[in-house]
Amino acid sequence: MYNDICRIALEKRANIVIVPFHKRWAIDGSIESASRPIRNLDMNVLEKAPCSVGILIDRGTLSGLVSVLTCSSKFHVAVLFNGGPDDMESLAYGCRMVKHESVILTVIHFLLFGGENSKDRKNDSNLINEYRQANLGNERFVYVEKVLRDGVGLSSYINGSLGEYHMILVGRYHGDSPLLEGLGEWSERPELGVVGDILASQDFKTTATVLVIQQHSLGGKLLNHKLPFLKQKRKSTVCTEEMPTSVLHLSNRSDPFSLTIDDSDMYY
């Protein structure tokens, strides 16, 4: 199945493939079901996709919200930014969402106490400032800095301060961030990363849907794995000058697999 997803993503030159988290929530907040095949699929897609990958932790049944298009009130989205390419990708998608008039975006930038002069922090701040400049005058774009000392402070903030959001975006991998020290030892779902694992826990009391994003690395794992579907492709198919424009979404709405590509559905 993952080969089909990767093949279609390559053919459509997709920017991102969105796959479902392997657990589904019941309306009372308990875990309704868990699928090992879907978890295996997620891991394979993360490793071999020719584009960025998002894992969607769908709690829409808890909030009653189906779509921002059908929401009469404002739709609150948070981007948790700790630094690194995956968080940068999450920030980019969050800033695309805020273009919708019903979306209010809050970018929460976690900063290490005493780390003002680090190179990574300056690079991250420069990128965020570009998005802030692009959204000058947009009252639906909110930027917040949260200075923390360690992973305990980060975990406490996440568990106690995100209840107002309908959707949370976060990167999967954050490198060797001092704010994550010690948290990885408790992580049970490596496909989500450390922060994503916290957000997917039953201990995290929220109705928010979560999207964990892994940025695609050009020239990375795709060619090294020699995927079966690439053997049937010409070299020109792998290296294209055009930017991808499609989104591939694998749904967990029912037992059959549902692929949505540019609003066209296919079932497996």
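**Exercise 1. How are helices H4 and H5 oriented?**

Task: Work out how H4 and H5 lie relative to each other, and which residues meet.

Solution.
- H4 and H5 are roughly parallel to each other. This is a reading of a predicted model.
- The reason is the angle. Helix H4 spans residues 85–97 and helix H5 spans residues 119–134; they pack at about 10°. Angles under 35 degrees count as roughly parallel.
- The axes of H4 and H5 are 11 Å apart.
- From H4 come Met 88, Leu 91, Ala 92 and Cys 95. They meet Asp 124, Leu 127, Ile 128 and Tyr 131 in H5.
- Sorted by class, this contact has 7 nonpolar residues, 1 charged and no polar.

**Exercise 2. Follow one residue of H4.**

Task: Describe the setting of Met 88. Is Met 88 buried or exposed, or partly exposed?

Solution.
- Start with its place: Met 88 sits in helix H4.
- Its relative accessible area is 26%, so Met 88 is partly exposed.
- Now list the partners. Setting aside neighbours within four places in sequence, Met 88 is in contact with Phe 81, Asp 124 and Leu 127.
- Then look across the sequence. Ile 213 is 125 residues away from Met 88 in sequence, yet the C-alpha atoms are 9.5 Å apart.

**Exercise 3. Compare two more helix pairs.**

Task: Give the angle and axis distance for H1 with H2, and for H6 with H7. Then name the residues in each contact.

Solution.
- Take H1 and helix H2 (residues 36–48) to begin with. They pack at an angle of about 35°, and their axes are 9 Å apart.
- The crossing of H1 and H2 is right-handed.
- H1 supplies Tyr 2, Ile 5 and Cys 6 to the contact. H2 supplies Leu 41, Asn 44, Val 45 and Lys 48.
- By class, the contact of H1 with H2 holds 5 nonpolar, 1 polar and 1 charged residues.
- Turn to helix H6 (residues 151–161) and H7. Their axes cross at roughly 35° and come within 10 Å.
- H6 also passes H7 in a right-handed crossing.
- Ser 155, Ile 158 and Asn 159 of H6 make the contact with Val 195, Ile 198 and Leu 199 of H7.
- The H6 and H7 contact has 4 nonpolar residues, 2 polar and no charged.

**Exercise 4. Find the nonpolar cores.**

Task: How many residues has the largest nonpolar core, and which of them have the most contacts inside it?

Solution.
- The largest nonpolar core has 41 residues.
- Leu 80, Leu 162, Ile 168 and Leu 199 have the most contacts inside this core.
- Helix H7 (residues 193–200) gives the largest share of the core, 5 residues.
- Zoom in on Leu 162. Beyond residues up to four places away in sequence, Leu 162 touches Leu 80, Ile 108, Tyr 157, Ile 168, Leu 199, Phe 204 and Thr 206.
- A second, separate core has 22 residues, including Ile 18, Phe 81, Val 98 and Leu 211.
- For background: in soluble globular proteins, nonpolar side chains tend to be buried together.

**Exercise 5. Walk off the end of H1.**

Task: Which residues of H1 are buried, and what is the phi of Arg 13?

Solution.
- Helix H1 covers residues 2–11; its buried residues are Ile 5, Cys 6, Ile 8, Ala 9 and Leu 10.
- Arg 13 follows H1. Its place is the loop between H1 and strand S1 (14–20).
- The phi of Arg 13 is near 55°, a positive value in a residue other than glycine.
- Set that against the general pattern: most residues other than glycine have a negative phi.
- Arg 13 has a relative accessible area of 34%, so Arg 13 is partly exposed.

**Exercise 6. Place two loop residues.**

Task: Which loops hold Gly 115 and His 216, and how accessible are Gly 115 and His 216?

Solution.
- Gly 115 lies between strand S6 (103–112) and H5, in the loop.
- Its relative accessibility is 15%, so Gly 115 is buried.
- Val 147 is 32 residues from Gly 115 in sequence and 9.7 Å away in space, C-alpha to C-alpha.
- His 216 lies in the loop between strand S9 (209–214) and helix H8 (221–224).
- At 22% relative accessibility, His 216 is partly exposed.
- Leaving aside neighbours within four places in sequence, His 216 contacts Ala 49, Pro 50, Cys 51 and Ser 52.

Technical notes. Residues are numbered from 1 along each chain as its sequence is written. This is a predicted model: local features need pLDDT of at least 70, side-chain atom pairs count only at pLDDT 80 or more; totals for chains, interfaces and linings use all residues. Side-chain values use heavy atoms; hydrogens and water are left out. Axes are lines fitted to C-alpha atoms, for helices over the stretch in contact, and angles run from 0 to 180 degrees between N-to-C directions. Helices (H or I, at least four residues) and strands (E, at least two) are DSSP runs, numbered from the N terminus. Angles under 35 degrees count as roughly parallel, over 145 as roughly antiparallel, 65 to 115 as roughly perpendicular and the rest as oblique. Contact means heavy atoms within 4.5 Å. Ala, Val, Leu, Ile, Met, Phe, Trp, Tyr, Cys and Pro count as nonpolar, Asp, Glu, Lys and Arg as charged, and the others, Gly among them, as polar. Buried means under 20% relative accessible area, exposed over 50%, partly exposed in between (1.4 Å probe, protein chains only). A nonpolar core is a set of buried Ala, Val, Leu, Ile, Met, Phe, Trp, Tyr and Cys residues joined through side-chain atoms within 4.5 Å. A crossing is left-handed if the near helix is turned anticlockwise from the far one by less than a right angle, and right-handed if clockwise.
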